[in-house]
Amino acid sequence: MGTVVLVHGIGNLVRGAPPEQAAELKAAAAADRLRKGLDAAGLSHVPLPGLVMAYYAHQLADDYRPERQSADAATLEDLTRAQEDEAWEWLETAGAARPPEGQAGMLSPLRWAVNRIVEQRARDARPAARERLAELLSRLVVATLQDTDAYTSRPGRRKAVRATVAQAVRDHGARVVVAHSLGSVVAYETLHAHPDLEIDLLLTLGSPLGLPAVMRKLDPEPTAGRGARPPGVRHWVNIADVGDLVALPRELGGAFPVDVHATTDIGLFDPHTLGGYLAAGLTAAALAPHCAG
């Protein structure tokens with residue numbers, strides 16, 4: 001049975017734990033969710049693969065010290081001007097429009113737009129549930145933009161993160177990489193930067209690779225609007241939740257040579273987490289052929 005390397009996405013910093021322990025905790029949690037996914041797919045007889053988390057969240061933080069990290073989360077109002085422009089580009093891709101003059105009321109325009117998306121997607125939900133979903137999506141936008149900037153803004157940091165992922169693949173002889181959210185960007189760049197890594201399956205989950213703001217920052221840069229397949233990747237499957245605000249545009253905008261695109265539904269209030277994707281039968285079914293080998 002082979003080893004599967006997981007590459008996590010946004011918001012995965014484990015406070016108060018050294019990187020090695022954080023990686024083990026994340027891998028154990030992922031194993032529990034994947035077991036649920038195999039059960040949901042009618043594949044309870046399939047053995048779990050060995051899961052290793054390529055943990056890099058601490059490398060995105062300045063002056064990383066577990067005991068000094070704040071639990072305070074940034075908000076839409078904390079975005080820089082450049083990030084705000086990217087947020088609008090993103091939300092407009094999701095179908096939101098800027099508010100007419102004076103219509104946002106006491107809300108910031110970005111928050112107003114997020115609320116409109118929630119009204120479209122959860123119009124039958126109770127007001128308290130819609131409010132909770134709007135806050136969840138707001139945090140998702142902020143975390144994605146800030147963590148993407150943290151990864152792409154410094155060449156040394158970017159190289160170190162990619163080295164972490166490459167080392168995890170090499171050390172365990174992994175032939176399968178499962179990359180979630182920002183982790184799909186990291187994995188894509190890592191496999192380009194280390195062409196000697198040969199992967200039977202690259203499985204991307206909730207990937208923002210097709211977002212214009214992300215594509216502009218990719219290394220290597222897309223050519224004529226299209227990204228290249230990492231040379232060592234034999235098969236690439238991309239799975240997106242129908243309500244995942246990060247996995248836009250659909251099917252990575254048709255800009256990447258993916259072999260199979262598929263959609264799943266992991267729930268209105270869990271539209272983007274790695275655990276939600278791993279617990280989905282569709283994800284488990286994509287991994288199952290590689291679990292018994």
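Select helices H2 and H3 to begin, and look at how one passes the other: their crossing is left-handed. Keep in mind throughout the tour that this is a predicted model. Two packed helices are described by the angle between their axes and the distance between the axes. For H2 and H3, the axes come within 11 Å and cross at roughly 20°. Angles under 35 degrees count as roughly parallel, and that makes H2 roughly parallel to H3. Now show the side chains where the two helices touch: from H2 choose Glu84, Ala87, Trp88 and Leu91, which meet Pro109, Leu110, Ala113, Val114 and Ile117 of H3. If you colour this contact by class, you will find eight nonpolar residues, one charged residue and no polar ones.

Keep H3, which covers residues 109-121, and add helix H4, which covers 127-152. How closely do the axes of H3 and H4 come, and at what angle do they cross? The axes come within 9 Å, and the crossing angle is roughly 125°. H3 and H4 are therefore oblique to each other, and H3 passes H4 in a right-handed crossing. To see the contact itself, select Arg111, Val114, Asn115, Ile117 and Val118 on the H3 side, together with Arg130, Leu133, Ala134, Glu135, Leu137 and Ser138 on the H4 side. By class, this contact has six nonpolar, two polar and three charged residues. Notice that Val114 and Ile117 of H3 belong to the contact with H4, and that both names also stand in the list for the contact with H2.

Stay with H4 and turn to the empty space inside the model. Rolling a probe the size of a water molecule over the atoms shows where empty space is left. The structure holds one cavity of 30 Å³ or more, and the volume of the largest cavity is about 80 Å³. To outline it, select Glu86, Trp90, Thr144, Leu145, Thr148, Leu211, Ala213, Val214 and Lys217, the residues that line it. Which helix gives the most to this lining? The answer is H4, with three residues, while H2 (81-93) and H7 (212-215) are also among the helices that each supply at least two. Coloured by class, the lining shows five nonpolar, two polar and two charged residues.

Next, move to the second largest pocket, which holds about 280 Å³ of space. It is lined by 14 residues, and those closest to its centre are Ala23, Met53, Tyr55, Thr164 and Ala168, so that these five make a good selection for finding the place. Then show helix H1 (19-40), strand E2 (50-54) and helix H5 (155-172), each of which supplies at least two residues of the lining. H5 provides the largest share, five residues. Taken by class, the lining of this pocket divides into seven nonpolar, five polar and two charged residues.

Thr164, which you have just selected near the centre of the pocket, leads to the next stop, glutamine 59. Where does glutamine 59 lie? Its place is in the loop between E2 and H2. Leaving aside its neighbours within four places in sequence, glutamine 59 is in contact with Arg157, Ala160, Val161 and Thr164. For a sense of scale, draw a line from the C-alpha of glutamine 59 to the C-alpha of leucine 136: the two residues are 24 Å apart in space and 77 residues apart in sequence.

Finish with some details of the backbone, which are best viewed with the main-chain atoms shown. Select aspartate 219 and proline 220, which are joined by a cis peptide bond with omega of about 10°; proline 220 is in the loop between H7 and strand E5 (236-241). Then go on to leucine 248 and proline 249, where the peptide bond is also cis, here with omega near -10°. Proline 249 sits in the loop between E5 and strand E6 (260-264). That loop between E5 and E6 is also the place of glutamate 251 and of leucine 252. What is phi of glutamate 251? Phi is near 55°, a positive value in a residue other than glycine, and phi of leucine 252 is likewise near 55°.

Note on methods
Residues are numbered from 1 along each chain as its sequence is written. This is a predicted model: local features need pLDDT of at least 70, side-chain atom pairs count only at pLDDT 80 or more; totals for chains, interfaces and linings use all residues. Side-chain values use heavy atoms; hydrogens and water are left out. On a 1 Å grid over the protein atoms alone, a cavity is a set of points where a 1.4 Å probe fits but cannot get out, and a pocket is an open set with protein on both sides within 12 Å along at least five of seven lines; lining residues have an atom within 4 Å of a point. Grid points are joined across faces, edges and corners, and a volume is the space filled by probe spheres set on the points. Helices (H or I, at least four residues) and strands (E, at least two) are DSSP runs, numbered from the N terminus. Ala, Val, Leu, Ile, Met, Phe, Trp, Tyr, Cys and Pro count as nonpolar, Asp, Glu, Lys and Arg as charged, and the others, Gly among them, as polar. Axes are lines fitted to C-alpha atoms, for helices over the stretch in contact, and angles run from 0 to 180 degrees between N-to-C directions. Angles under 35 degrees count as roughly parallel, over 145 as roughly antiparallel, 65 to 115 as roughly perpendicular and the rest as oblique. A crossing is left-handed if the near helix is turned anticlockwise from the far one by less than a right angle, and right-handed if clockwise. Contact means heavy atoms within 4.5 Å.
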